[in-house]
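Welcome! Work through the exercises below with the model open beside you, and try each task before reading its solution.

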Amino acid sequence: MSTVGPVVVGYDGSPSATSAVRWGAREARRRGARLEVVFARDAHDSHLDPSLPGGGENAQAGARALAERGRVQALEVEPDVEVEATVEHTTPAATLVGTSLDASIVVVGSGDHGRVRGELGGSVALAVAAHAHCPVVVVHGDVEALRDVNLPVVVGVDGSTHAAGALSHAAEVAVSRGASLRVVVAWWTRASAHLESYMAAEFPRERAENGAERLLAGALAQVHEEFPDLEVEGSTVEAQPAPALVRASEGAERLVVGSRGRGGFAALVLGSVSHSLVREAHCPVTIVR
């Protein structure tokens, strides 16, 4: 039996959750881990959307049937992966945060298609990413079309503790996939509503640019030291972090960021940059705490 923590996928029958299950199955195979497909519904919700498999009056049977459908979808793409389907009677966010204690990663879809079908997209994905105890992957884009293409892993770095964890995680993923790594540092000096970077408030343009270059050099040096055989490149971009990383996500295998950057506020559920990327990126987004 594998000692690697399971890959946990939240499943609710939506198209985006199906993409998440398929992505998670392939990730479980690469990690040598088992896959847990989890359907969660609030214990006070006694009904299941009749349009879903097994839905209608017998909500419990419908929930089991829905979770089983997710398990079958995983086995269709990775028949040799050990897959378990479970039903939990609590809110989706609470369920997935709880499973993250023992998981290697938690995977959710990004879509929002109504009350039931969207339970694992939108605000739930944000809540899980903010509070999970392991990295959380929000699946975006046409992952089926890109699954056999050798694309780089992209990571956003801003000097924060969470970004340092994201850099290490991204490098490990790139090595495990035989992919290259691209490090992106965004810098911005003009005033903005949220001041994502402390440099925007305190430093003129030249010092901000120089600081970004130093930050990038330090990140590349760290990767070269820890993973000397990994192909890595980096760039600094004069732009606000969120749009810069959305652009960088085009043509990426996945985008990795910390849950909060240097501009984060403790009262926020999730940093503003990570919040934007969960909704707007063109590839799966990994949030690392």
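**Exercise 1.** Find out which way the residues of strand E4 point and whether they are buried or exposed.

*Solution.* Start with the two faces: Ile 105, Val 107 and Gly 109 point one way from E4, while Val 106 and Val 108 point the other way. Next, check burial (under 20% relative accessible area is buried, over 50% exposed, in between partly exposed, with a 1.4 Å probe and protein chains only). The residues on both faces are buried. Since 5 of the 5 residues of E4 (residues 105-109) are buried, the strand is largely enclosed by the rest of the structure.

Before going on, note that this is a predicted model, in which local features need pLDDT of at least 70 and side-chain atom pairs count only at pLDDT 80 or more, while totals for chains, interfaces and linings use all residues. Residues are numbered from 1 along each chain as its sequence is written, and side-chain values use heavy atoms, with hydrogens and water left out. Strands (E, at least two residues) and helices (H or I, at least four) are DSSP runs numbered from the N terminus.

**Exercise 2.** Work out which residues stand opposite Val 106 in the strands beside E4.

*Solution.* Two strands pair if DSSP finds at least two bridges between them. On one side, strand E1 (residues 7-10) runs parallel to E4 and is joined to it by 3 bridges; here Val 8 stands opposite Val 106. Then look at strand E5 (residues 136-139), which pairs with E4 in the parallel sense over 4 bridges. There, Val 136 stands opposite Val 106.

**Exercise 3.** Trace the strand order of the sheet and find which strands stand at its edges.

*Solution.* The open sheet has 10 strands in the order E3-E2-E1-E4-E5-E10-E9-E6-E7-E8, with mixed pairing. Strand E3 (83-88) and strand E8 (232-238) stand at the edges with a single partner strand each, so one side of each lacks a neighbour in the sheet. Further along, strand E6 (residues 153-156) and strand E7 (residues 181-187) pair in the parallel sense over 4 bridges, and Val 155 has Val 183 in E7 as its bridge partner.

**Exercise 4.** Describe how helices H4 and H10 meet.

*Solution.* First take the axes, which are lines fitted to C-alpha atoms over the stretch in contact, with angles from 0 to 180 degrees between N-to-C directions. The axes of H4 (residues 123-131) and H10 (residues 272-280) come within 11 Å and cross at roughly 135 degrees. Finally, list the contacts (heavy atoms within 4.5 Å): Ser 123, Ala 125 and Leu 126 in H4 meet His 275, Val 278 and Arg 279 in H10.
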